[in-house]
Amino acid sequence: MAHIVELSVVPPPLRSDWTPPQSTGKSIAPLVERRLIPAGSAYLAHVKRAVHNLSFEEHDKHAEEERKRLEALYGNGTNGEDDLGVGDEEETEDLLSLDPKEWKKQDHYAVLGLSHLRYRATDEQIKIAHRKKVLKHHPDKKAGVAGETNDDAFFKCIQKAMEVLTNSERRRQFDSVDPHYESLEDEVPTEKEVKSAKDPNSYFFKSFGPVFEREARFSKKQPVPLLGEYNDGKEQVEGFYDFWYNFDSWRSFEYLDKEVNEGSDSRDDKRYTEKKNKSERARRKKEDTARVRQLVDLTLGLDPRIKRIKQEEKEAREAKKKGKTGGANGVSAKQKAEEEKKKAEEEAKKKEEEEKVARAEAKKAKAAAANAAKKARRAARADGADA
Amino acid sequence: MAVSNQQNGSAEAPIDLANPTVVGINFGNSYASISVLNKQGNPDCIANEDGERQIACAVSFHGEEIYIGNQAKHQLVKNAQNTITGFRNLLGKKFSQIDTSKPTTSAPVIEHPEQPDTAAYKVQILQSAPLPLPASTTTTQQNTPLASRVATPRSEPTPATRILSVSEVTTIFIKSLLQSAEDFLGKKVQGAVITVPAWFTSEQKKALEDAATEAGVSVLQLLEEAGAAAVAVLSNPTAPASTTTSLSGDRTQLVVDLGSSALALSLLSIRQGLIHSLATLSDHTLGGDAIDSKLIKFFAKEFTKKTKIPLTVAPAPADSKQDQRAEAKLRLAVEHTKRTVSASSGAATCSVESLKDGIDYTGSINRMRFDMEVRNVYAGVGEQVKTLVSSAGLDLFDVDEIVYVGGSASLPGLDEHLAGIGFREDIVTPFSSGSVVGGGVGDPTTLLSRGAVVQAKLLAGLGESSEEEKEVKAAFHEKLENWTGVKVTSKSIGLVFPETSAEGQEENALGGQWIPLVLRETVLPCRRTVRFGVEVGEEGKVGFELWQVDESIKITLEKPPKFEPEDGEPEEEDEEEEEDIEVKDRIISKDELLGAALLESKKARNKKTTLEVQILIAEDGKVDVSASEVGGEKVTLAVPPIGA
């Protein structure tokens with residue numbers, strides 16, 4: 001860029017009688033020969049202009065391009081280390097005031113600023129996020145800051161989170177009961193919701209899709225077939241339900257164990273707690289399996305694809321049938337005769353039955369008539385006796 | 001972006017543009033210093049393994065050992081015949097050109113016995129005996145006894161004489177500098193810029209470069225010392241606000257290099273970073289050694305006064321070995337005294353153990369006394385400065401900035417003396433801007449090497465992929481002559497905004513407000529852009545004339561303001577005639593009208609507008625001026641080239 005010099009002088013207004021004088025056509029005073037000292041970036045620029053035969057504007061453009069190229073190459077001021085997109089999440093007041101003693105209740109992902117990744121965070125990302133957090137919250141950094149001097153609570157939280165998340169077993173235990181997803185688990189759409197939706201079809205996929213995506217993380221078998229879309233074939237749909245009815249989950253609930261009271265020496269106490277924890281784990285696991293089963297049941301019941309597939313199958317059948325009737329001309333006479341015979345038989349049967357019914361009715365009518373005559377005679381007799 | 005690791009490749013690591021491993025070496029006659037780039041890419045002067053930032057240019061041979069640097073200086077006391085100093089100035093000179101008549105305190109220069117007309121030094125060393133043969137490993141014949149497996153003990157080293165040419169000594173010394181830098185960096189040095197004095201001939205430069213190449217340094221450029229100083233000051237990353245505001249990109253700089261063996265003065269014209277020298281001067285009689293001589297005379301006198309032991313120094317009598325040794329000891333000791341005087345305003349001590357006849361000496365000298373003792377040196381520098389500036393056809397008043405270089409220039413007394421010889425009152429010196437203390441940017445002892453490394457960084461970033469890029473690179477080193485010759489303007493050019501002169505006021509010689517655009521001594525082609533506010537007249541017009549002007553300095557004598565004593569207390573004895581004070585003013589007078597232009601202001605607010613004026617002067621003297629309100633229409637003005 002052209003270097004612009006800002007001057008602080010302010011020339012006064014133009015003299016009113018001033019008119020631009022005639023150009024004299026004179027040149028500047030003769031030039032003097034000098035020898036440059038070959039030093040500094042200005043000399044480099046001077047030589048570049050001379051060598052490449054550039055004007056000032058062209059050189060400006062060149063320099064600008066070069067600067068941009070270098071910037072793109074080396075990154076603007078950064079040392080080019082990729083932070084894998086972690087470590088710049090906002091830290092809320094609540095998060096910073098976490099109590100390290102209550103570490104079991106903290107959201108380790110949120111503490112490390114990984115709440116947008118959660119179980120998807122790679123080990124590398126966790127490492128980088130931890131490093132960034134430590135750089136920011138190390139107690140040594142806060143030593144000089146006025147106020148509380150010994151405030152390393154959040155730092156302890158960070159260390160605890162790191163401890164949990166870098167151990168793959170403990171991380172799975174935490175992932176099993178990740179508070180973020182637990183709250184979501186209750187939000188499974190109900191039957192009513194799906195049915196009352198404007199477009200139940202798309203609502204079904206929209207609402208159940210993410211649910212299965214979420215649940216898929218617990219599967220021991222990967223990849224997991226996901227809900228898919230309306231136009232999936234029968235095989236896919238069946239595969240999906242097959243998988244989910246036989247869902248094999250690694251989810252476990254050790255994380256929620258009640259801790260054995262460290263202070264007590266009582267073996268019985270310990271055993272009791274352990275037993276209780278074990279049963280509690282089993283119960284929760286059972287509940288979870290039931291929950292998944294229920295979810296799959298519900299999905300199956302509401303799945304518009306099942307209806308569609310049935311419909312399609314029926315249509316296929318009917319189409320088949322129709323195809324049969326449409327092409328019946330060539331069917332053998334025997335068959336026809338048989339059919340007619342069948343028809344005749346049926347008709348005979350019908351007739352017979354009809355006759356039967358008629359006979360019975362006639363019988364009934366006869367009896368009724370006899371009854372009526374009897375009644376009449378009795379009445380006449382009674383009348384005669386009265387007279 | 002991850003760079004793919006090549007398993008079987010041996011490609012050199014790419015040069016990190018932000019921080020190439022380059023060094024800047026200031027190779028003086030008496031002292032050298034090394035600078036590297038720190039993590040931020042700023043220059044830093046580093047200390048060698050002795051913790052010295054100012055490394056003495058001395059090489060001493062003592063028995064089997066070689067001492068280099070400040071350790072070698074201490075050898076001057078007892079082992080002067082085997083200690084080599086002051087070899088840089090002899091580089092590239094033939095033996096017949098060297099004046100050997102002066103007595104020396106170190107190893108004398110002799111003619112090389114084998115190479116004709118080559119300067120050399122003869123030193124006594126102990127040559128280590130050749131290593132014994134390795135123990136025999138061959139299986140022996142049956143009846144012969146097995147050879148002993150124990151290595152034969154080394155025999156005593158034998159005394160020998162070694163003849164070293166000047167360039168060999170230089171190579172040894174530069175090698176040690178390079179070693180220090182590599183130890184500090186932990187990496188191989190890719191290139192170096194070495195400073196040379198302005199008076200070095202091309203043979204001397206070549207000899208230095210050869211010696212450096214021999215030492216394993218890839219020389220990027222041999223940079224003139226004044227240039228290195230200017231670069232160091234210009235590239236100053238942490239310039240305090242005060243210096244940047246009072247100094248524009250166009251200035252005249254005086255570089256005062258007071259080393260230990262010589263004074264070198266350069267008057268530089270810096271125009272937007274382009275540096276050219278207006279005049280140079282060097283004086284080998286002034287320098288730190290002269291100051292040393294004055295000081296040791298002073299201390300010797302003190303010693304004699306205290307102890308009644310006669311001691312004659314500087315020069316010591318040739319027949320008194322004791323006095324010579326005492327002088328050498330004092331010379332080493334006053335170095336410390338000088339540094340103390342430079343660093344603090346209190347008294348500085350000088351202590352020597354067993355100065356003469358086993359008597360210790362401890363004396364002190366305060367700043368005042370010190371300045372009095374060495375006043376002659378200061379005055380000599382002042383005289384040379386005056387000579388230099390007048391030889392360039394300028395006045396001391398024209399100098400905008402003084403830059404000090406070299407250990408002796410760190411003395412505050414020198415700055416005080418120079419300030420009193422007629423420079424402008426607002427002249428910028430490292431002392432006035434406070435950048436000397438604490439290893440600041442103006443630190444005279446490290447300035448040169450820092451400038452050299454800044455230059456090295458610039459050169460390391462140059463590409464070599466195309467013919468033109470190679471040409472650009474060569475412009476710094478091999479093909480200097482092709483590019484350094486330039487034409488400069490001889491007179492300043494600027495704008496005059498005509499104004500109504502107020503009644504009764506003295507008529508302004510210019511008839512308006514003067515805004516300089518291109519100062520004299522500006523390298524062509526050049527471009528300047530200025531922006532300033534301007535008041536708009538009644539008709540909404542802005543007009544200006546382009547003038548070439550003459551500049552001169554007017555000296556008027558004024559009576560000093562008299563102190564009016566209050567309460568009528570009569571002044572007593574100091575009724576001397578007070579001298580007139582010289583008051584200097586810059587006078588600008590019109591020389592040639594080059595053109596004029598009128599601009600209609602459309603964006604004026606409160607009768608004010610901001611004007612942007614760009615002037616381009618081509619190499620042939622063609623001038624193009626374009627003026628516009630910021631973002632507004634342009635008015636152009638052209639002046640034909642010279643001779644058209």
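Start by selecting chain A, where you will find 15 helices and two strands. Keep in mind as you look around that this is a predicted model.

**Stop 1: chain A on its own**

Chain A has 387 residues, and 29% of them count as buried. Take the contacts in chain A between residues at least 6 apart in sequence: 71% of these join residues at least 24 apart.

Now pick out Lys105(A) and Glu102(A) and show their side chains. The two form a salt bridge, with 3.0 Å between the closest N and O atoms. Are these residues buried or exposed? Lys105(A) counts as exposed, because its relative accessibility is 69% and the cut-off is over 50%. Glu102(A) is partly exposed, at a relative accessible area of 38%.

**Stop 2: chain B on its own**

Hide chain A for a moment and select chain B. Here there are 13 helices and 27 strands. Of its 644 residues, 49% count as buried. For contacts in chain B between residues at least 6 apart in sequence, the share that joins residues at least 24 apart is 66%.

**Stop 3: a covered strand in chain B**

Select residues 401-405 of chain B, which make up strand β18. How many of its residues are buried? Five of five, so the strand is mostly covered; buried here stands for under 20% relative accessible area. Turn the strand to look at each face. On one side sit Glu401(B), Val403(B) and Val405(B), on the other Ile402(B) and Tyr404(B), and all of them are buried.

Next, add residues 250-258 of chain B, which form strand β13. Strands β13 and β18 of chain B pair in the parallel sense, over five bridges. To see one place where they line up, click on Val256(B): opposite this residue, in β18(B), stands Tyr404(B).

**Stop 4: two helices with salt bridges**

Stay in chain B and select helix α3, residues 202-214. Show the side chains of Lys206(B) and Asp210(B), which lie four residues apart in this helix, about one turn. A salt bridge links them, and its closest N and O atoms are 2.9 Å apart. Asp210(B) counts as partly exposed, with 39% relative accessibility.

Then move on to helix α7 of chain B, residues 321-343. Glu327(B) and Arg331(B) are also four residues apart, about one turn of the helix. Their salt bridge has its closest N and O atoms 3.2 Å apart. Which of these two partners is buried, and which is partly exposed? Glu327(B) counts as buried because its relative accessibility is 8%, under the 20% cut-off. Arg331(B), at 25%, counts as partly exposed.

For a network of salt bridges, bring chain A back. Select Glu182(A), Glu185(A), Glu215(A), Arg251(A), Asp288(A) and Arg291(A): salt bridges that share partners join these residues into one network. Over all chains, the structure holds 46 salt bridges.

**Stop 5: where the chains meet**

With both chains on screen, turn to the interface. Here 82 residues of chain B are in contact with 50 residues of chain A. The area buried between the two chains is about 6000 Å², and carbon and sulfur atoms give 65% of it. Highlight Trp483(B), Arg527(B) and Arg531(B): these residues supply 10% of the area that chain B buries against chain A, more than any other three residues.

How many salt bridges are counted between chain B and chain A? The count is two. To see a salt bridge across the interface, select Glu521(B) and Arg34(A), whose side chains meet at 2.6 Å, N to O. The interface also has 13 residue pairs in polar contact, both residues being at pLDDT 80 or more.

Now color the side of chain B that touches chain A. Strand β22 of chain B, residues 526-535, gives the largest share of that side, with nine residues. By type, the residues of that side divide into 44 nonpolar, 21 polar and 17 charged.

**Last stop: strands paired across the chains**

Finish by selecting residues 32-35 of chain A, strand β2, together with residues 485-488 of chain B, strand β19. The two strands run antiparallel and are joined by four bridges. Zoom in on Val32(A), and you will find its bridge partner in β19(B), Val488(B).

Conventions. Residues are numbered from 1 along each chain as its sequence is written. Chains are lettered from A and ligands numbered from 1 in the order in which they are written. This is a predicted model: local features need pLDDT of at least 70, side-chain atom pairs count only at pLDDT 80 or more; totals for chains, interfaces and linings use all residues. Side-chain values use heavy atoms; hydrogens and water are left out. Contact means heavy atoms within 4.5 Å. Buried area is the accessible area (1.4 Å probe) that two parts lose on being put together, summed over both. A salt bridge is a side-chain nitrogen of Lys or Arg within 4 Å of a carboxyl oxygen of Asp or Glu. A polar contact is a pair of N or O atoms within 3.5 Å; within protein, one must be able to donate a hydrogen and the other to accept it, and residues adjacent in sequence count only if both atoms are side-chain atoms. Ala, Val, Leu, Ile, Met, Phe, Trp, Tyr, Cys and Pro count as nonpolar, Asp, Glu, Lys and Arg as charged, and the others, Gly among them, as polar. Two strands pair if DSSP finds at least two bridges between them. Buried means under 20% relative accessible area, exposed over 50%, partly exposed in between (1.4 Å probe, protein chains only).
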